[in-house]
Amino acid sequence: MTPTITAFERSPDGGKGLARDMRVRWALEEVGRAYDVRLLSFKAMKESAHLALHPFGQIPTYEEGDLVLFESGAIVLHIAERHAGLLPDDANARARAITWMFAALSTMEPPIFDLTIARLLERDEPWYEQRLHVVEERIRKRLGELSGRVGDADWLDGEFSAGDLLMVTVLLRLKGAGLLDQYPNLSAYVARGEARPAYKRAFDAQLAVFAAASTS
């Protein structure tokens, strides 16, 4: 059965591949799994039909038969556990890859997403500059720690895994912010992720939705 995922009808990311359905698209492309996409307006995301799938009214969701999932990390883990290509066969290496998935979403993403929120919604607040400084320092601390761990390696732990997939999508939010440029090995790491054919297919599919919405 072909799974169906949900995505923005009009993505606020401007077609840059930052919306979280990108993670799911990329995972499905990596494992060679066909999928359908149901596009949602912001209004539809808050209606009962979608809230039955995602209690917080967000995207993406994942439907396959009787199975309904929400949260991009959980969906990527589900895909990785059921199809070869995103988790190692060795039990210990597999556990480490899953650890990196959690690290990407629980340790790296929160301060990076805070920066997005601050720049979009808090710029006119009197405390904006102070908050921006604090958030950027938190990000630099995490980037420095991650940079030290990655070193000259291509990927986080041996071969490319779901941990790398999620980490790259998190770090992509820093493009253009000037922070990632301070860590050349992390910039190269992100570029390796973007160069993967599966990433390019997922990006093009998401961009096509944005382009179609922009001309309609």
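Begin by selecting Leu18, Arg20, Phe113, Thr116 and Arg173, which lie nearest the centre of the largest pocket in this predicted model. Widen the selection to the whole lining and you will have 39 residues on display, around a space with a volume of about 1,100 Å³. To see where this lining comes from, colour helix 2 (42-45), helix 4 (72-82), helix 5 and helix 9 (197-215), the elements that give two or more residues to the lining of the largest pocket. Helix 5 makes the largest share of that lining, with nine residues. If you then colour the lining by residue class, it divides into 20 nonpolar, eight polar and 11 charged residues.

Stay with helix 5 (residues 91-121) and add helix 7 (residues 162-171), whose axis comes within 7 Å of that of helix 5 and crosses at roughly 10°. Angles under 35 degrees count as roughly parallel, and helix 5 and helix 7 are therefore roughly parallel to each other. On the helix 5 side, show Ala97, Trp100, Met101, Ala103, Ala104, Leu105, Met108, Glu109 and Ile112, and on the helix 7 side show Ala162, Gly163, Leu166, Met167, Val170 and Leu171, which together make the contact. Among the residues of this contact, 13 are nonpolar, one is polar and one is charged.

Next, hide these two helices and select helix 1 (residues 21-30) with helix 9, which pack at an angle of about 135° with their axes 8 Å apart. Helix 1 and helix 9 are therefore oblique to each other, and their crossing is right-handed. The contact is made from helix 1 by Asp21, Met22, Arg25, Trp26, Glu29 and Glu30, and from helix 9 by Ala198, Tyr199, Arg201, Ala202, Phe203, Ala205, Gln206 and Val209. When coloured by class, the residues of the contact of helix 1 with helix 9 show eight nonpolar, one polar and five charged.

Keep helix 1 and helix 9 in view for the last stop, the largest cavity, in which about 50 Å³ of space lies. Which residues line the largest cavity? Select Ala7, Phe8, Ser11, Ala19, Asp21, Arg25, Gln206, Val209 and Phe210 to see its lining. Strand 1 (4-8), helix 1 and helix 9 are the elements that give two or more residues to this lining, and the largest share, three residues, comes from helix 9. By class, the lining of the largest cavity divides into five nonpolar, two polar and two charged residues.

Definitions and conventions: Residues are numbered from 1 along each chain as its sequence is written. This is a predicted model: local features need pLDDT of at least 70, side-chain atom pairs count only at pLDDT 80 or more; totals for chains, interfaces and linings use all residues. Side-chain values use heavy atoms; hydrogens and water are left out. Axes are lines fitted to C-alpha atoms, for helices over the stretch in contact, and angles run from 0 to 180 degrees between N-to-C directions. Helices (H or I, at least four residues) and strands (E, at least two) are DSSP runs, numbered from the N terminus. Angles under 35 degrees count as roughly parallel, over 145 as roughly antiparallel, 65 to 115 as roughly perpendicular and the rest as oblique. Contact means heavy atoms within 4.5 Å. Ala, Val, Leu, Ile, Met, Phe, Trp, Tyr, Cys and Pro count as nonpolar, Asp, Glu, Lys and Arg as charged, and the others, Gly among them, as polar. On a 1 Å grid over the protein atoms alone, a cavity is a set of points where a 1.4 Å probe fits but cannot get out, and a pocket is an open set with protein on both sides within 12 Å along at least five of seven lines; lining residues have an atom within 4 Å of a point. Grid points are joined across faces, edges and corners, and a volume is the space filled by probe spheres set on the points. A crossing is left-handed if the near helix is turned anticlockwise from the far one by less than a right angle, and right-handed if clockwise.
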